[in-house]
Each structure stands twice: as C-alpha cells, then as structure tokens.
Amino acid sequence: MSAAPDRMHRPDSELVDLVFDYMRERLQYDPVPLDHPGDGEHLRAQLAGLLNPDGNDPADVLKLYDHELSRAVISADSPRYLSFIPCAPTKAALLFDMVVSCASLQGISWLEAAGAIAAENQVLRLIADRAGMPGTAGGTFVSGGSAGNLSALVVARDTARRRLGVGPEARLRIAVADQVHSSVKNTFNIIGVEAFKVPTVNRRFTGEALRAALAADPNPETVIAVVGTAGTTNEGIVDDLQGLSEVARERDMWFHVDGAYGGAGLFAPSVRARYNGIEHADSFVVDPHKWLFAPFDCAALLYRNPQLARAVHTQDASYLDVLHTEGDEWNPTDYAYHLTRRARGLPLWFSLAVHGTQAYTDAIETGLQLARDTAQLIRDTEHLELLFDPQLSAVCFKRKGWTNDDYYRWSQQLLADQIGFVTPTGWDGETVARFAFLHPGTTMEMVREILDTMA
C-alpha cells in the first residue's frame, strides 16, 4: 500500500501548469480546426496499457490526449461545423466552466450552493422574461433538451392524473406533430403515454389542425398535453405556438414548448414575433449549449408554476430532510428527475454578465442573416434548389441530379479536406443537404467555398 494514500488530492503545481498551458493554447485557436473522426483500431492501440497500477507521467498522458485523442474529435465549436446543431461557447463561458469544475459545486440545493443557484436563477429569470412567462416562473438547468423534455412531460402526466383522478393504468396521450424531436418520442416510451399524432400544415403544427384532430377523436379527454416546437431541428420551423396555446387553454391541456435549438431566437428582434404564444407555456426548454453560446451540457427548463414540478420531482429521504426548509430555499433538484447535478448554468451567467445581452442578440442575428444570405445564394445557383425558406438558421437544399451516394461522398470529402462538416439529411424520403448556422464566426466565404464543391 502507498505511504501517501491521499497523494492524488495534493496540489501538483507541475500538473496544474501543464493543463493550464494546454487550455490556454486551445482557447487561443482562431478559428478552431474541424479535425477528423477517429480510427478505432488506432485509438485502442494508443490507449493500451494506460490504466495500470502505477500510473503514468502527467506530461505523457496529456501529450497522448493532445496528439491522438483530441484530434479524433470533430470540433463542434469550429465555424466550419455546420451539421446537426453546433456548439460555439464564448471564451468567457469556457473559462468559467473550468472555475465551476474546480469548485466541485454540488448544485442540488440552496443549503449547499445558494450563491451558485442565485446566479443560475438570474439567468432563468432572463430567459423567462424573454418568453413573456409570468414572474412566478422558475426551474432549473439540466443536461440537455432530452432531460428537459422528460422532466417537463412527467409533470404534465402526473398533473393530469391528479386532475382526472386516474392512476397509472389509465390511457393518456400527448399531442405532437411529425416534426417533434426524437427525445419527445423517447420520453413517451419512458413515461408510458401515447402520441396523439396531428398532421402538419406545410411542416408546421397548427392550432387549427390540433382542434380538428381533437374534434374527430372519440376520446379527446385522454389527450392531456400538447408539445409545440420552437425551431424544429431539421428545418428550424417554429410551430403555431399561439394557436396551440389557445387549444390547450380551451381543453385544460398542459402546453409544453421544446425550444432546445430555436428557443434562443427569443433574443432576436427580427424573429421574435414567430414565438408569440410561448408566454402561455406551462413548461419550456431551451439549450444554451446550442444557440446561447454556453458549453456542453446546459439546458434551461422553466415552468409556469414550479410548485407543480416540485410536487412531482422532490425526492423524499431522511438524509434529504435538511434541504427542505423555509425562507429563500430553491433546490434545483426539485424541478427535474435529477438529484446530483453540477451548477451548469454558471458559465452562461458569467458570459452574459461579461458580454451583456446585446452581444448575444447580435450573435444570434448574425446566424439568422447568414441563413437568409445562403438561401438567396442557393436560389441564384442553377444546379441547386432551396427546399424551404429559412425561418431560423437551418437551410435545407438539394443538388439537382444527385443521389444518396453522391451526398455522402461529398460530405466525407468535405471533412477530409477540412473545408466543412456538412452531413446529409432527409426530406420527404429523399437525401438532401443541410446547413445549421450558429457560430458567429462562420462567413459567406466559407459557405461559397462549400457550395462550390457541388458544381
């Protein structure tokens, strides 16, 4: 046995200097390179024997990470990363994420982390205000949209059960459109509810379509909630939140808005009107690690009436009784399915406080304008076809005459040449191309360079 079993927890100035030097270099990348997907056999060979009884020299381990592991990761914060939904955290947010990690904050309760939670709640209040939610609104930061949707819809289900006086055996349904995010579909499997599927109108979920579907259904009372999307992942479409909220209020249904990607558009005056009706949401999710420039993993979950969530999510145990006191208590653990959580909202809080909200508005508007300019360039290019006028920052288009294989070969070559990371997507059963603009450092010159490869 080692003579110093606590040596792992002693300060090591050499190790600190090594890591800080590496992080300083990484933070100074401008722009961040894309890098490449990894080769499994090579990576396994590089890692072989690393985890051993005696450990390794820190400099050697960091060199392995720098030269091998970090270069087998496609960097989501590169301005040439235009697939899925990118992540472009500010340098201030990244730096403060290091502060949070060093602090070892246990962010579940006011007792343990009142200062951190007060700062997180300040950000949640800002987002709630942008959505027009009442002063009573509140919630917590969770890991992502999937966790937020699951936590919110559990509250919707249990609130409906109490209102209807039914138990777990009762059939309950939640209204969704075909464009709803995959995490919502997965949530239904987890919490034991069914999807009440409503056809979209020009890819948009409307109140009129929901009202008609409910009127035609023999058991509309079993539909206890509706999920509207504020920015579909593929096309960036904002549903008819005003119309959906009206139907929800008429029928005493829970109204949930999944704004994981597009909810940040609430900060952009040019598109704010698209979100009208979100102020009536019973729950709302937006992922700051997407379009609010926070690091992974950070999603804001808000409830119109947080006490409903608290009644569902508060965990009871003798060792937790001390957390539930009177006064200023706000325990983030009471508003989602989690218990242990890091104070993941703090990097966003720090960056907002440093840069100001106008900088965020400007950065989001940059992405929106880039999408509009790209759409016009596609319209003006004979061999390309725009599939949908962009509502937010996603642009779907096709190269006339291309097959599925053509798109995938093109995507792979773009990445190999480090020109861009643009993966194909689906559109009415056809393979097409898609840009997701988020990084304010992406330029039209980069876009033209990518589109020129489709000539």
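Start by selecting strand β2 (residues 173-177) together with strand β4, which pair in the parallel sense over three bridges; bear in mind throughout that the model you have open is a predicted one. To see one of these pairings residue by residue, label Ala175 and look across to β4, where Val226 is its bridge partner.

Keep β4 selected and extend the view along its whole run, residues 223-229, where the strand is mostly covered, with seven of its seven residues buried. Next add strand β5 (residues 254-258), which runs parallel to β4 and is joined to it by five bridges. A residue pair to label here is Val227 with His256, since His256 of β5 stands opposite Val227.

Move on to strand β3 (residues 194-198) and pick out Ala195, which is found in that strand. Is Ala195 buried or exposed? Neither word fits, because its relative accessible area of 33% makes Ala195 partly exposed. If you display its surroundings and leave out residues up to four places away in sequence, Ala195 touches Ile174, Val176 and Phe188. A distance label between the C-alpha atoms of Ala195 and Val184 should read 9.4 Å, for two residues that are 11 apart along the chain.

From β3, follow the chain into the loop that leads from this strand to α8 (207-216), and stop at Asn202, which is found there. Although Asn202 is not a glycine, its phi is positive, at about 55 degrees, and with 62% relative accessibility the residue counts as exposed. A second stop with a positive phi is Ser104, again not a glycine, where the angle is about 50 degrees. Ser104 lies in the loop between α4 (91-103) and α5 (110-131), and at 62% relative accessibility Ser104 counts as exposed.

Now turn to the backbone and inspect the peptide bonds. Select Asp30 and Pro31, which are joined by a cis peptide bond with omega of about 0 degrees; Pro31 lies in the loop between α1 (13-27) and α2 (40-47). Then go to Phe296 and Asp297, where a cis peptide bond has omega of about -5 degrees. Asp297 is found in the loop between α10 (288-291) and β7 (299-303).

The next selection concerns the cysteines. How many disulfides does a search of the whole structure find? The search finds zero. Select Cys87, which is in no disulfide, and draw the distance to the nearest cysteine sulfur, that of Cys298, which is 9.6 Å away; a disulfide would need the two sulfur atoms to be within 2.5 Å. Cys87 counts as buried, at 3% relative accessibility. Cys298 is likewise in no disulfide, with the sulfur of Cys87 as its nearest cysteine sulfur, and Cys298 also counts as buried, at 1% relative accessibility.

Finish with a pair of helices, α12 (residues 346-355) and α13 (residues 357-379), which pack at an angle of about 100 degrees with their axes 6 Å apart. That angle makes α12 roughly perpendicular to α13. To bring out the contact, show the side chains of Leu348, Ser351, Leu352 and His355 on α12, together with those of Thr357, Ala359 and Tyr360 on α13. Coloured by class, the contact of α12 with α13 shows four nonpolar and three polar residues and no charged ones.

Conventions:
Residues numbered from 1 in each chain as written. Predicted model: local features only at pLDDT ≥ 70, side-chain atom pairs only at ≥ 80, totals over all residues. Heavy atoms only, no water. Buried < 20%, exposed > 50% of the residue type's maximum accessible area, 1.4 Å probe, protein only. Axes fitted to C-alpha atoms, helices over the stretch in contact; angles between N-to-C directions. Helix = DSSP H or I, 4+ residues; strand = E, 2+ residues; numbered from the N terminus. Parallel < 35°, antiparallel > 145°, perpendicular 65-115°, else oblique. Contact = heavy atoms within 4.5 Å. Nonpolar A, V, L, I, M, F, W, Y, C, P; charged D, E, K, R; others polar. Pairing = 2+ DSSP bridges.
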